[in-house]
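The following questions and answers introduce the structure shown below to a new reader.

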Amino acid sequence: MDKLLIEGGARLTGETAISGAKNAALPILCAALLTREPVTFTNVPQLNDIGTLLRLLAQMGVKVSRGSGDDAGTVTLDASELDNPVATYEMVKTMRASILVLGPLVARCGEAKVSLPGGCAIGARPVDQHIKGLQAMGAQVAVEHGYVHAQVPRLKGARLFTDMVTVTGTENLMMAACLADGETVIENAAREPEVVDLANCLVAMGARISGAGTDVIRIRGVERLSGTTHRIMPDRIETGTYLCAAAATGGEIRLTRTSSAYLDAVIDKLMDAGCDVVSERDAIRLKAPQRLTSVSIRTSPYPAFPTDMQAQFMAINAVANGAAVIRETIFENRFMHAVELQRLGADIRIDGNTAMVQGVERLQGATVMATDLRASASLVIAGLVAEGETVIERIYHLDRGYERLEQKLADLGARVRRLA
Ligand code: UD1
């Protein structure tokens, strides 16, 4: 199993490019299930999660063509011969986001059988809201033998209210509603930029959607959708992760092919920590002080501070001047990186969903284990500032969500090597 060897102490400087957003690409690729016409996507990141989803779509009868070389980020999906609306446990267990096929399959085929994702490292993460929404739209849903089995001749527009803000829940129901009979209103909808990117793609395919980006989304169902070409938005979490890495190392970097547009909450905190951040049209520059000042954070749905940036901020607080309180309100078990950071010498105390981080002068390199995607990112940041060598085990988690991580870090002057 691959490991990452990081020799700490290098200040990150220079420039690297940000990839397309994983969390936008996953639902948007699923949108191709809604039409018989081919759909082409560009700026699709080359990540394990994307590979998993494309294999799942192929199993269902979707023709997948992927560009190579300079066109590696281009994917064309043709779901004209979609004949097997089933997502097996084998596929769903490796990637929870596979549940995103449920809504489009029911809408297009009148039937879907999708494995329940089960628990994952960061919490229980049920899909009851996805199911409740489809039921409200008239689907018969049975949960049996570990599978969600949904059937309906044609979904009917309905007023939907989710008990909590759910990103993939909103996306699933929005996709399902595109082909439903009549109008659907999703209240308490997620406002994440990835929901808006999906809505833009669906509108380009002929869907009638308004309100994406607010907490009330209206979808007027149409008979059919058509093909289109859509460019995936830049990855705001990848962007934020490199900004944190540069901030922690006292660096000065420029990230291209991205934008600060969806990163207000993160950039505000980096500025509070003492960094200068300058937004350009398609780039962001950050210059960090020699030592950061601690910043407290509380995760919440967009536009507040994202849970997917919580671990990275724990790493920067670990070496900042002062003490910080980190509150995680989205997932119940998302502090697993704390014990690994402690192995590097961080001073962190956990009490329920709150972490108290007292910054230390320096961390020391050690062997640590990646436990989930963003937890792994926090260990990379800590490894970059630790004295000596840090070995991160189980980096397949990083490969799920960070494209060419070692290459991009090397562009910025980090000393990082993958060990097979
Ligand atoms: C998405 C993101 C993930 C991010 C998360 C929160 C993708 C592919 N993944 O995950 O990176 O960390 O949003 O911003 O976009 N919940 C229920 N029942 C449901 C649905 C959700 O109880 O039916 C709970 C979850 O357990 C969690 C909370 O609602 O506590 C929010 O989860 P949700 O927004 O659905 O996360 P994901 O969409 O899975």
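Q: Which helices each supply at least two residues of the shell around the ligand?
A: These are α5 (128–136) and α6 (167–178), where a helix is a DSSP run of H or I with at least four residues, numbered from the N terminus. With three residues, α5 gives the most to this shell. The model is predicted, so local features need pLDDT of at least 70 and side-chain atom pairs pLDDT 80 or more, while totals for chains, interfaces and linings use all residues. Residues are numbered from 1 along each chain as its sequence is written, and side-chain values use heavy atoms, without hydrogens or water.

Q: Why are α5 and α6 called roughly parallel?
A: Their axes, which come within 9 Å, cross at roughly 25°. Angles under 35 degrees count as roughly parallel, and therefore α5 is roughly parallel to α6. The axes are lines fitted to C-alpha atoms over the stretch in contact, with angles from 0 to 180 degrees between N-to-C directions.

Q: What makes the approach of Asp308 to the ligand a polar contact?
A: A polar contact is a pair of N or O atoms within 3.5 Å. An N or O atom in the Asp308 side chain is 2.6 Å from a ligand oxygen atom, so the pair meets the definition. For Thr166, a polar side-chain atom lies 2.7 Å from an oxygen atom of the ligand. The protein buries 88% of the 740 Å² that the ligand exposes when taken alone, by the Shrake-Rupley method with a 1.4 Å probe.

Key: A polar contact is a pair of N or O atoms within 3.5 Å; within protein, one must be able to donate a hydrogen and the other to accept it, and residues adjacent in sequence count only if both atoms are side-chain atoms. Angles under 35 degrees count as roughly parallel, over 145 as roughly antiparallel, 65 to 115 as roughly perpendicular and the rest as oblique.
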